[in-house]
Amino acid sequence: MARNTRTLAFEIGTEEIPAFDLSNATKQLEKLVPETFDALRIPHGAVRIYSTPRRLISIVESVAEETEALVEEHKGPSIKIAFDAEGNPTKAAEGFARGKGVTVEELERREIDGVEYVYATKSIAARAVADLLPEALSGLIEGISWPKSCRWGTQTVLFSRPVRWLVALFGSEIVPVTYANLVAGNATRGHRFLAPGPHKVSAADDLIDVVVNACVVPSESLREEAIRKGVAAAEQETGYRAELPAKTLTEVINLTEYPTVLVGSFDEEFLRVPEEIIVDAMLMHQRYFPLYDEAGSLTNRFIVVSNGNPDCASTIIDGNERVVRARLADAKFFYEEDLKEPLESYVDRLDEVVFQETLGTMKAKTDRVVALADELASDARLAAQDAADAHRAAYLSKADLVSNAVVEFTSVQGIMGSYYAEASGETAQVARAIADHYRPRFAGDELPESEVGRIVATADKLDTICGLFAVGQGPTGSSDPFALRRAAIGIVNMLAAGLPVSLDRAIEASLDTYSAVDFDRDAVSTEVSEFFVTRTKVMMRDRGLPADVIDAVLATGVTEPAEIIARIEALQSAREDMTDIMDDLATAYARANNLRDAALGNEVEQALMGEAERALAEALAAVRSKVDDALAANEYAVALRDLAALRGPIDRFFEDVLIMDDDVALKNNRLRLLNRFVSVFARVADFGKMAKSGR
């Protein structure tokens, strides 16, 4: 029987919601709306979510006018448990009935496989959907999670921004949703300036058309399409190329309801200021998109995405040009003022900036980073000039934090230090290392280009990690306010890329610099080491490496991230290239590991051995030597291929030898041989943790 259905339209009208919060709320509603309807057993069709800075709209198609009737059946305890010998209900029967909302008398008896059980059957009648919608829709409003919420007026409710109107239509019927002293109606609002409204909506199917006709582009995707088309037209007109960073583009998309792309310009004299400051001023502060010429050089033209009246384009452009002119004038002034002193002169002023309450100032951090960079340079055996450059770059790395330009334009820290270092006569490598030492800043970011840069970047990040762990400020659960996980991943990536230093030694060297801080040295050292191992493990899982391969390598106790990664990759490659051999070795290892008796040691007596035992002992001696040499040379794939040579001898051993012989001397000698077999593997991987490969 066909159901009667209608479209539901629900709009939450607000003051302007922050751009990224709006994007997140849109994604939440895509799940919340169908979940709400499904929980109430309301049959429905497709769900579409629309959003603009001033509204969140849910359109649900083919919503049934009645919920689905439901008959629930629940199996309970057996009759023997539900009733006593006299046939009276037990507490088990009473509790079951009570829990299912029926009486004991209403319980049914059913036989299953010769055993009788009690059943509770509950019929839930269909309900009118229109009666359920007011509460369901108000619950949707409350169900949206915001990073920050506000109260307004005399309201006690919370939302990202004040809610100003509600539209709720079930077909042409108004749903009386109440929230924040508002009652939903059928009047929406248009663009704040171009068509404010109110605008009447006759039926749910008309809401989006009414909004569109009121100069509102109702979805992120449509606004992005409009912006990209406008940018393409501007590029065609100017002959220049725009860069649209994803973060800024998302923000601009969600700052406008009716985007119009316009092109402005600024005085060419500002191009003498470092490009990064200009781009920061435009992208981060004003949400303008810079334009570049064919050679990739920044031009004095930029793109503005306006939310105003397109007929007033010239006035809008003029206003934005005035704003950017003021910002760039500030940037030029700050830059020129900063250049009046050498970069080194700023270092002592870092004592005015607190790094962390217990760990001291940025000057104290700088001193620690210099000491650690020296240790890392020594460990990496850098040439004398490179080591000197690493020392100098570490000393100057934070100096620009107290410069005028960075205080005003914080995202260019490090970059401005690089410019100032170059102007102060520092070497090109020092200047580049200062710019690079914050890298990698995020997943996929480039690593510092030189080994000197990677030394300084590692020293800086490791100092932060070790220091915060020492004062009990390490990450907990999902909380990581100091982005220590990101810093650790950056270090692991640099080590994996070939930075020739030991992380274990670096951790100890870093903790040495905290002599003035009271902490449990051994505990913190272990904690930091385990933190890096965990980060490396997560990175490998994110790359799709099998969990059993990762666990097999970590079981050896290796803690150096580069070594962990190399071993995991080698083990997985061997598993893929030598499937049968690796599976058989894993099986043999597991069998040997289960039988062995570590307390017996692994010193065997040749006189007690048969032919198969001697063959295995000889193979183990030869392979152990080769494996030791391969591991010393960090050639893990070679070590695994050497282990593969044990397949024949161990197979023959298990086929020909009765391990648990009645002769205790023979049995113990054979168990010692198995101990020796397991020990050869132990330094490479715990094969017992590896499952059979699927073939």
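The accessible surface of the protein comes to about 32600 Å², and carbon and sulfur atoms account for 47% of that area. This value, like the others that follow, was computed from a predicted model. Beneath that surface, 49% of the 695 residues of the protein count as buried.

A good place to continue is the overall architecture. The protein contains 25 helices and 18 strands. Its radius of gyration is 35 Å, whereas the globule rule gives 26 Å for 695 residues; the value is well over that figure, so the protein is more spread out than a compact globule. Along the principal axes, the C-alpha trace spans about 100 × 100 × 50 Å. Contacts within the protein often link positions well separated in sequence: among contacts with a separation of 6 or more, 68% are between residues 24 or more positions apart.

Charge can be described in a similar way. The protein carries 75 positive and 112 negative charges, and the mean positions of these two sets are 3 Å apart.

With the overall picture in place, the backbone offers a few local details to look for. Most peptide bonds are trans, and most residues other than glycine have a negative phi. Against that background, two cis peptide bonds can be pointed out, each leading into a proline. One joins Gly 197 and Pro 198, with omega at about 15°. Pro 198 sits in the loop that runs between β11 (187-188) and β12 (199-200). Another cis peptide bond joins Arg 439 and Pro 440, where omega is about -15°. Here the setting is a loop between two helices, α14 (428-436) and α15 (451-470), and Pro 440 lies within that loop.

Positive phi values also deserve a look. Asn 181, a residue other than glycine, has a phi near 65°. Asn 181 is placed in the loop between β9 (178-179) and β10 (182-183). With a relative accessible area of 68%, Asn 181 is exposed, because the cut-off for that class is over 50%. Arg 287 is not a glycine either, yet its phi is positive, at about 60°. The loop holding Arg 287 connects a helix, α8 (275-286), with a strand, β15 (289-292). The relative accessible area of Arg 287 is 28%, which lies between the 20% and 50% limits, so Arg 287 is classed as partly exposed.

Technical notes:
Residues numbered from 1 in each chain as written. Predicted model: local features only at pLDDT ≥ 70, side-chain atom pairs only at ≥ 80, totals over all residues. Heavy atoms only, no water. Helix = DSSP H or I, 4+ residues; strand = E, 2+ residues; numbered from the N terminus. Rg over C-alpha atoms; globule rule 2.2 N^0.38 Å. Buried < 20%, exposed > 50% of the residue type's maximum accessible area, 1.4 Å probe, protein only. Contact = heavy atoms within 4.5 Å. Areas by Shrake-Rupley, 256 points an atom, 1.4 Å probe, with all protein chains shown as cover. Lys, Arg positive; Asp, Glu negative; His and termini not counted. Charge placed at Lys NZ, Arg CZ, Asp CG, Glu CD.
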